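Trainee: I have a structure to go through, and I would like to put some questions to you about it.
Mentor: Go ahead; we can take them in turn.

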Amino acid sequence: QVQLVESGGGLVQPGGSLRLSCAASGSMFSVNAMAWYRQAPGKERELAALITSAARTNYAGSVKGRFTISRDNAKNTIYLQMNSLKPEDTAVYYCNAEIRIASSLTEYWGQGTQVTVSS
């Protein structure tokens with residue numbers, strides 16, 4: 001069974017940086033698109049950044065220019081480099097991946113990691 005394991009969340013001051021990681025583990029699978037979603041208290045979950053298997057990227061307007069999504073295909077891992085963090089970036093960040101196992105394509109979610117931006 002495939003699992004998405006996230007790391008890198010925590011508490012940071014405004015203007016600071018964090019780097020999130022999400023690794024897909026298991027066997028006999030391949031990864032298509034991967035993405036980072038986030039959900040702040042009282043708000044709906046939103047797409048923050050997406051990266052395709054061809055490394056094309058898409059960002060929410062609120063993070064564009066500050067966040068960078070990247071992937072290491074050999075490690076089945078994606079990263080989210082977050083710079084110039086603002087209090088409004090505070091949210092639970094979730095990794096999402098489209099995984100192919102044999103003939104089946106399934107969407108997987110990570111457990112979520114808390115990012116808090118506060119002075």
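**Reading the model**

Trainee: Is Trp109 buried, partly exposed or exposed?
Mentor: This is a predicted model, so the answer is a computed one. The relative accessible area of Trp109 is 35%. Buried would need under 20% and exposed over 50%, so a value in between makes the residue partly exposed.

Trainee: In which strand is the place of Trp109?
Mentor: The strand in question covers residues 104-109. Trp109 therefore has the last number of that range, and the strand is β10.

Trainee: Which residues is Trp109 in contact with, leaving aside its neighbours within four places in sequence?
Mentor: Contact needs heavy atoms within 4.5 Å. As for separation along the chain, Trp109 and Val5 are 104 residues apart in sequence, yet 9.3 Å apart in space, C-alpha to C-alpha. The contacts of Trp109 are Leu4, Tyr37, Arg45, Tyr94, Cys95 and Asn96.

Trainee: Which cysteines form a disulfide?
Mentor: The count comes to one disulfide. The cut-off for the sulfur atoms is 2.5 Å, and the sulfur atoms of this pair are 2.1 Å apart. The pair is Cys22 and Cys95.

Trainee: How many residues apart in sequence are the parts that Cys22 and Cys95 tie together?
Mentor: Cys22 lies in strand β3 (residues 18-25), whereas Cys95 lies in strand β9 (residues 91-101). Cys22 is buried, and so is Cys95. Because the two cysteines sit in these two strands, the pair ties together parts whose separation in sequence is 73 residues.

Trainee: Is the link of Cys22 and Cys95 left-handed or right-handed?
Mentor: The angle about the S-S bond settles this. The angle is -85 degrees, and the link is left-handed.

Trainee: Where does Thr52 lie, and which residues is Thr52 in contact with?
Mentor: Thr52 lies in the loop between β5 (46-51) and β6 (57-59). At 24% relative accessibility, this residue counts as partly exposed. Thr52 and Ala97 are 45 residues apart in sequence and 9.9 Å apart in space, C-alpha to C-alpha. Leaving aside neighbours within four places in sequence, the contacts of Thr52 are Ala33 and Arg71.

Trainee: How many charged residues does the lining of the largest pocket have?
Mentor: The largest pocket has a volume of about 170 Å³. Its lining includes Arg38, Lys43, Glu44 and Asp89, and also Gln39 and Ala40. By class there are two nonpolar and two polar residues, and the number of charged residues is eight.

Methods. Residues numbered from 1 in each chain as written. Predicted model: local features only at pLDDT ≥ 70, side-chain atom pairs only at ≥ 80, totals over all residues. Heavy atoms only, no water. 1 Å grid on protein atoms, 1.4 Å probe; cavity = no way out; pocket = protein on both sides within 12 Å on 5 of 7 lines; lining within 4 Å. Points joined across faces, edges and corners; volume = space filled by probe spheres on them. Nonpolar A, V, L, I, M, F, W, Y, C, P; charged D, E, K, R; others polar. Helix = DSSP H or I, 4+ residues; strand = E, 2+ residues; numbered from the N terminus. Buried < 20%, exposed > 50% of the residue type's maximum accessible area, 1.4 Å probe, protein only.
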